[in-house]
Amino acid sequence: MLTTRVRYTPELNNFPNPSSNRRNNLFHYYKNPAYAAAADEAHRPDFPFVCSFEFTNRCNLDCVFCARQVMTRKLGYMDEPLLHKMMDEFAQHGTFLKVNGYGEPLLHPRALDFIRHIKKTNGLYFTTNATLIDERVAECFVEANLDVAQISFQGVDREGYESQRLLGEYDRLFDNVRTLVAVRGDNPYPYIHLSTTILDETTEQIEAFMEAAFDAGVDMVGVGRTDYDRVVADMVTDPDRKRLIERFRERQTLDQVSDHTYLYRYIDINYSGVVVSSFFDFNEFLPVGDMNTQSMHDIWNNSAALRALRILERRGGLNGYAEIRDAVRALDQAGHGETMSVFDTFYHAWKLGGKSYNT
């Protein structure tokens, strides 16, 4: 019988390695009382606490659960002048930044330079599928004092990983993690957070996976829900892929947990500079701003689309469509004439199966 250092419970998402004394700076940042209070419009700060953005939406894996397979927006890379423009503003506010989105950021030709530039002024949580981590990348992470390297995993073993992350190699991923751990040595950073999502794996399987990750030297293991509901099934055209998605969807066991505070704490920026309300808006159904021409402060406080979405959240989501229409009409009467049209655009884009309706 396996002796485990940490017991798995589905009520928790993250499990620290008891042998590690390193600090997860993002989680420490979350302890800010103002962050905890920002759960509604009355306590919303005048600038987002955390901003997530893409270096690119290109990827070297083909994940069965990922919305990239139905993504129609153009593939590309973030321009360096755009990154510098954004950082000029984020540096003033001390915003904690997260690099993730719908691509593998290390595919960007200037990824390491971008990391170094961001870390001159701001905290950075960097998500990668780890396929491209080698000694050069690891040395950059260490020298830049990257706060957190989140390694994006799948399942708890080779079968779970390689059956859902097509083109991925289980052994190669763990080898790359060990390379990062070895290069880091006794340095405090980066904090290594190995994050996986599961279907119907057993507690014993999950705990064995956590032990293997701790033995490899990671500081924390995250265990969450694999979200096959995020894939808009009507947009998937390949019948074999549709059947595969459905087979995995039937194995989902963890409940969906909604974050009703996201719109008061976070914002997401695509590689092009288009700002969306959350990571789930993979096709820019409802852009709320554009960092090429606007400031984040302006978007966060004055975007009519973002205002409508916050009202939507307070009224209970898309199920409260009739009520939200009334609320948005009230905004129209108050002088926000564009709000109704952007809300209708967003609502119908989702109801019609995720077709792209840009405004």
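Here a student and a tutor talk through a predicted model and the terms used to describe it.

Student: Let's start broad. What makes up the chain in terms of helices and strands, and how much of it is buried?

Tutor: The chain has 14 helices and 12 strands. Of its 359 residues, 56% are buried. About 16,000 Å² is exposed, with carbon and sulfur atoms supplying 49% of that area.

Student: How many of the strands form the open sheet, and in what order?

Tutor: 10 strands do, in the order β1-β9-β8-β6-β5-β4-β2-β10-β11-β12.

Student: Why is its pairing called mixed?

Tutor: Look at individual pairs. β8 and β9 run parallel, joined by 6 bridges, whereas β1 and β9 are antiparallel over 3 bridges. Both kinds of pairing occur in general, since strands of a sheet pair through backbone hydrogen bonds, either parallel or antiparallel.

Student: What makes β1 and β12 edge strands?

Tutor: Each of them pairs on one side only. Further in from β12, β10 (residues 266-269) pairs with β11 (residues 274-276) in the antiparallel sense over 2 bridges. Two bridges is the minimum for calling strands paired, so β10 and β11 qualify. One place to see this pair is I269, whose bridge partner in β11 is V275.

Student: Why is β9 described as largely enclosed?

Tutor: β9 covers residues 220-225, and 6 of its 6 residues are buried, so the rest of the structure largely encloses the strand. On one pairing, F15 stands opposite V221 in β9. On another, H193 has M220 of β9 as its bridge partner. The chain gets from β8 to β9 through helix α8 (residues 203-216), and this β-α-β crossover is right-handed.

Student: What is the accessibility of A208, and how do you know which class it belongs to?

Tutor: A208 lies in helix α8. Its relative accessibility is 35%. Buried needs under 20% and exposed needs over 50%, so A208 falls in between and counts as partly exposed. The C-alpha atoms of A208 and V156 are 8.2 Å apart, although 52 residues separate the two along the chain.

Student: Which class does E139 belong to?

Tutor: E139, in helix α5 (residues 135-143), has a relative accessible area of 37%, so it too is partly exposed by those cut-offs. From E139 to R184 the C-alpha distance is 7.6 Å, with their positions 45 residues apart in sequence.

Student: How do you know that β6 is mostly covered?

Tutor: 5 of the 5 residues in β6 (residues 148-152) are buried. V148, Q150 and S152 point one way, A149 and I151 the other, and all are buried. That fits a general pattern: in a regular strand the side chains alternate between the two faces of the sheet.

Student: Which strands does β6 run parallel to?

Tutor: β5 (residues 124-128) is joined to β6 by 4 bridges, and β8 is joined to β6 by 5 bridges. In the first pair Y125 partners V148; in the second Q150 stands opposite H193. β5, α5 and β6 also make a right-handed β-α-β unit.

Student: How many disulfides are there, and why isn't C59 in one?

Tutor: There are 0 disulfides. The closest cysteine sulfur to that of C59 belongs to C63 and is 6.0 Å away; a disulfide needs sulfurs within 2.5 Å, so this is too far for a bond. For C63, the closest cysteine sulfur is in C66, also at 6.0 Å and too far for a bond.

Student: Are C59 and C63 buried or partly exposed?

Tutor: C59 has 28% relative accessibility, which makes it partly exposed. C63, at 11%, is under the 20% cut-off, so it counts as buried.

Student: Which residues of the largest nonpolar core touch the most other members?

Tutor: F53 and M296, out of 88 residues in that core. Leaving out residues up to four places away in sequence, F53 touches M78, L83, M86, L97, K98, V99, N100, I118 and I269. There is also a second, separate core of 12 residues, including Y35, Y125, Y191 and Y266.

Student: What share of contacts join residues at least 24 apart?

Tutor: Among contacts between residues at least 6 apart in sequence, 72% do.

Conventions: Residues are numbered from 1 along each chain as its sequence is written. This is a predicted model: local features need pLDDT of at least 70, side-chain atom pairs count only at pLDDT 80 or more; totals for chains, interfaces and linings use all residues. Side-chain values use heavy atoms; hydrogens and water are left out. Buried means under 20% relative accessible area, exposed over 50%, partly exposed in between (1.4 Å probe, protein chains only). A crossover is right-handed if, with the strands pointing away from the viewer, the path from the first strand over the helix to the second runs clockwise. A nonpolar core is a set of buried Ala, Val, Leu, Ile, Met, Phe, Trp, Tyr and Cys residues joined through side-chain atoms within 4.5 Å. Contact means heavy atoms within 4.5 Å. Accessible areas come from the Shrake-Rupley method with a 1.4 Å probe; for residues, only the protein chains shown count as cover.
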